[in-house]
Amino acid sequence: MIKLERFHLILILAIGFFLIITSSIFSVWFFSDCSVTILPNDVKSAPENVFVWLGSSHFLKVYSNGVSESEPDRKADKLIDGDIGTLAYPGYNCCDKRRKEFDYIIELTDKYAIKRVDLVWGDDGLDSSRIQWWSLESLDPDGYWSVIESSDETPHVSTTTINMEFEASALRISAGSRDNWVGMAEVKILGKLR
């Protein structure tokens, strides 16, 4: 009886080992040309055709475009601080009470191939009285803004993920509401140097 139990144990272990080896070979065989690898924010030392999450060293500057920022602790730099708990929020615009929007520009240090952008709205993306329209644009090599994706509706999610390959030296994110001032938690960019 003990020999039979030992045999079953050895058989189960052998099958498990076989499955682990087979799945490793299968994943290497079918996914070896996968072009997305997440590395620690180091684009310059990343191998060719490898996309990485861009960190603060890859951003030249971040600023609010045409909307005054009245909240000193919620300025545009909160979009790229790596903390989804902080918020970029322009606040009340004394000059135009009808405008309840933000318009942020993130300038990159170089021209990048972008593969994915996560727009982290936080709670403002879930509430239909908050963000009611939004747009993501890229600055192309000729100096023109091109719309990557936009919507005239509330996202209804806390994060909008845009999986699209494009080139950019800067990104522009704008959103607005007819009812309330809106803000944004973070912008995450997966890219590589062009």
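Among the contacts in the protein chain with a separation of 6 or more, 73% are between residues 24 or more positions apart. Keep that in mind as you click around this predicted model, since several of the stops below are pairs from distant parts of the chain.

**The whole chain**

Start with a cartoon view. You have 1 helix and 7 strands to colour, and along the sequence they run α-β-β-β-β-β-β-β. Switch to a surface: the protein chain exposes about 11500 Å², with carbon and sulfur atoms supplying 56% of that area. Of the 194 residues, 38% are buried.

**Helix H1 and its patch**

Select Phe7, Leu11 and Ile15. Together these three make a nonpolar surface patch of about 290 Å². Ile15 belongs to helix H1, which covers residues 2–31. Its relative accessible area is 46%, so Ile15 counts as partly exposed.

**The tryptophan pair**

Next, show Trp121 and Trp134 as sticks. The structure holds 2 aromatic pairs, and this is one of them: the ring centres are 5.6 Å apart and the planes meet at 55°, so the pair is tilted. Trp121 sits in the loop between strand S3 (101–120) and strand S4 (133–139), while Trp134 is in strand S4, 13 residues away along the chain. Buried or exposed, these two? Both are buried.

**Gly183 and its surroundings**

Keep Trp121 on screen and add Gly183, in the loop between S6 and strand S7 (186–193). The C-alpha atoms of Gly183 and Trp121 are separated by 7.3 Å, although the two are 62 residues apart along the chain. What does Gly183 touch, leaving out residues up to four places away in sequence? Leu87, Ala88, Tyr89, Phe102, Trp121, Asp124 and Ile131. With a relative accessible area of 0%, Gly183 is buried.

**Asp124, Arg130 and Asn180**

One of those contacts, Asp124, is worth a click of its own. Asp124 forms a salt bridge with Arg130, and the closest N and O atoms are 3.2 Å apart. The relative accessible area of Asp124 is 11%, so Asp124 is buried.

From Arg130, go on to Asn180. Asn180 touches Lys100, Ser129 and Arg130, again not counting residues up to four places away in sequence. Draw a C-alpha to C-alpha distance from Asn180 to Lys100 and you should get 6.1 Å, for a pair 80 residues apart in sequence. Asn180 lies in the loop between S6 and S7 and is partly exposed, at 25% relative accessible area.

**Arg172, with two partners**

Now pick Arg172 and look in two directions. First comes Asp103: the side chains of Arg172 and Asp103 meet in a salt bridge, 2.6 Å from N to O. Arg172 is in strand S6 and Asp103 in strand S3, so to speak a long reach along the chain at 69 residues apart. Arg172 and Asp103 are both buried.

Then turn to Trp145. Arg172 lies over the face of Trp145, at 5.9 Å from the ring centre. For another charge placed over a ring, select Lys115 and Phe51: the charged end of Lys115 sits over the Phe51 ring, 5.4 Å from its centre.

**Out to the end of the chain**

How many salt bridges are there? The count comes to 5, and you have already visited those of Asp124 with Arg130 and Arg172 with Asp103. For one more, select Arg194 and Glu167, whose side chains meet at 2.7 Å, N to O. Arg194 is in the segment after S7 and Glu167 is in strand S6, 27 residues apart. Check the surface here: Arg194 is exposed, with a relative accessible area of 55%, whereas Glu167 is partly exposed at 28%. As background, side chains of opposite charge can pair when their charged atoms come close.

**Last stop: a backbone angle**

Finish at His156, in the loop between strand S5 (145–151) and strand S6 (159–176). Check the backbone torsions: phi of His156 is near 60°, a positive value in a residue other than glycine. For context, most residues other than glycine have a negative phi.

Key: Residues are numbered from 1 along each chain as its sequence is written. This is a predicted model: local features need pLDDT of at least 70, side-chain atom pairs count only at pLDDT 80 or more; totals for chains, interfaces and linings use all residues. Side-chain values use heavy atoms; hydrogens and water are left out. Helices (H or I, at least four residues) and strands (E, at least two) are DSSP runs, numbered from the N terminus. Buried means under 20% relative accessible area, exposed over 50%, partly exposed in between (1.4 Å probe, protein chains only). Contact means heavy atoms within 4.5 Å. Accessible areas come from the Shrake-Rupley method with a 1.4 Å probe; for residues, only the protein chains shown count as cover. Rings of Phe, Tyr and Trp (its six-membered ring) pair if their centres lie within 6.5 Å; planes under 30 degrees apart count as stacked, over 60 as edge-to-face and the rest as tilted. A charge sits over a ring if NZ of Lys or CZ of Arg is within 6 Å of the ring centre and within 35 degrees of the ring normal. Patches are made of residues with over 30% relative accessible area and no salt bridge: like charges are joined within 9 Å, nonpolar side chains (Val, Leu, Ile, Met, Phe, Trp, Tyr) within 5 Å. A salt bridge is a side-chain nitrogen of Lys or Arg within 4 Å of a carboxyl oxygen of Asp or Glu.
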